[in-house]
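Q: I'd like a close look at one part of this model, and then at what goes on around it. Could you walk me through it?

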Amino acid sequence: MEPVFKEIKDAYLPEAFQWEMIPFGSGLINSTWKVQSADTSEQYILQKINTTIFKQPEKIDQNLQQTGKYLAQKEPEYHFVQPLPTKEGLTLFVSKTGTFRLQPFVKNTYTVDVVPNTSIAFEAARQFGLFNRVLHGFDVNLLQITLPDFHNLSLRYNQFQQALVRATKSRIDVCRKEIRTLIQNEPIVATYRRIVLDKNMPLRVMHHDTKISNVLFNPAGKGVCVIDLDTIMPGYFISDVGDMCRTYLCALDENDTRLQQVEVREAYFTALAKGYLSAMKNLLTEREKGLFTYSGQFMIYMQALRFLTDHLLGNPYYPVNHPLHNLERTQNQLKLLKSYQQKESHFQMIVEDILTEEKIG
Ligand code: GN1
Ligand code: MG
């Protein structure tokens, strides 16, 4: 066992606990392991927080404590996965080798990286809808900002423009087409700027990373809860609905280079909208309902911007498997954006139908 992990084990677990550590999940930013006893009767999730990105991890901890306390009081039935305390009672373990936390592994659950059927899309969207709903009454001003401007599309666009100035000519040359497409789609940023100025657009407690791999399912395929709670922050509902559109509608994930098959699936959009609205329809304002389909464009476009910005700057943010990986991810997201835009007016009708049915029903 690496010494660093002995230190963590000593901080959390009884002397006699013989543990096995298995790398876990597909997250890009933090490192995650499943930790279990030899007979697997005890299982945990250990995470090393990437403090280059989350510069003040204690803010994550404070948010989890505050929201956890609120939910324990107001929504005791809600399954909220909270970090476990060390023997000294701390929910964040800071050592010379890093910042860690341990949380219970939710037994008999699994995650997926790609949505296999519409029922899973419904269940996952319902879980994120429930997450938004149970925290509806929580005062967003009590939340710490764990990643400033995380989903600020205006700023992401400025960073992209700065990257164009800073990038080498050879880097720009290989992605001229993608750069052009991103610039042509600037109206998505203009809409975002109007949203921010709209005083009637509510700031809500948002998860900010609603990708499919952040939902736990039970063996019957029912959603159990959501995980990866580092980016709980005040935000707009377009963030959570949008990242679901980005990751549930396509049969392939963001790393896939088979661009011909990168397409949105209508039945999955319907399932997503039904699942989310089953939990949130009574809480969304008319303005928000009108922005439901914009959410998808917002998040797919922002992810494409982030990947290409990273590529232009030589990949300082996202881990890559090869030099063109972030460019490939951009191409994937831009194809997804195009496919989404072709269907958007149809998706708008689907949302309207669901909302009308719900009213009648
Ligand atoms: C990152 O670390 P992970 O995989 O949960 C990123 C998300 C992106 C995602 C793309 C803090 O999430 O915003 O949508 O990669 N998180 C951060 O896969 O930047
Ligand atoms: Mg995440």
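Let's start with helix α9: how many residues does it have, and how far does it reach from its first C-alpha to its last?

A: Keep in mind that this is a predicted model. Helix α9 covers residues 266-280, which makes 15 residues. From first C-alpha to last, α9 reaches 21 Å, close to the 21 Å expected at 1.5 Å a residue.

Now for what α9 hides. Its buried residues are Y268, F269, A271, L272, A273, G275, Y276, L277, A279 and M280. As background, an α-helix has 3.6 residues a turn, so residues three or four places apart point the same way.

Two of those buried residues turn up again in the largest nonpolar core, which has 93 residues: F269 and Y276 are among those with the most contacts inside it, along with L153, F237, Y248 and F292. The element that gives the most to this core is helix α11 (residues 292-312), with 11 residues. Take L153 as a way in: leaving aside neighbours within four places in sequence, L153 is in contact with I188, V189, Y192, Y294, F298, Y301, M302 and L305. Another core lies apart from the largest one; this other core has 14 residues, including A11, Y44, F93 and F100.

Y192 also leads to Y236, which sits in the loop between β9 and α8 (237-248). Not counting residues up to four places away in sequence, Y236 touches Y192, I195, V196, M201, P202, L203 and M206. Y236 counts as buried because its relative accessibility is 13%, under the 20% cut-off. Measuring C-alpha to C-alpha, Y236 and I195 are 9.0 Å apart in space, while 41 residues separate them in sequence.

On to the strands. Strand β3 (residues 43-49) is mostly covered, with six of its seven residues buried. β3 pairs in the antiparallel sense with strand β2 (residues 31-37) over six bridges, and K34 stands opposite I45 in β3. The β2 and β3 hairpin has five residues between the strands, and T40 there takes a positive phi near 55°. β3 also pairs with strand β5 (residues 98-104), again antiparallel and over six bridges; here I49 has T99 in β5 as its bridge partner.

Next, the metal. D209 (OD) and D228 (OD) coordinate the magnesium ion (ligand 2), at 1.9 to 2.1 Å. The pair links distant parts of the chain, 19 residues apart: D209 is in the loop between β6 (204-206) and β7 (215-217), and D228 is in the loop between β8 (223-226) and β9 (233-235). D209 is buried, at a relative accessible area of 17%, whereas D228 is partly exposed, at 23%.

Last, the cysteines. The count of disulfides comes to zero. The sulfur of C245 has its closest cysteine sulfur in C250, and at 13 Å that is too far for a bond, so the pair misses the 2.5 Å cut-off. C250 is in no disulfide either. Both are buried, though: C245 has a relative accessible area of 0%, and C250 has 4%.

Note on methods: Residues numbered from 1 in each chain as written. Chains lettered and ligands numbered in written order. Predicted model: local features only at pLDDT ≥ 70, side-chain atom pairs only at ≥ 80, totals over all residues. Heavy atoms only, no water. Buried < 20%, exposed > 50% of the residue type's maximum accessible area, 1.4 Å probe, protein only. Donors = N, O, S within 2.8 Å, 3.2 Å for Na, K, Ca; no water. Helix = DSSP H or I, 4+ residues; strand = E, 2+ residues; numbered from the N terminus. Pairing = 2+ DSSP bridges. Expected span 1.5 Å × (residues − 1). Core = buried A, V, L, I, M, F, W, Y, C linked by side-chain atoms within 4.5 Å. Contact = heavy atoms within 4.5 Å.
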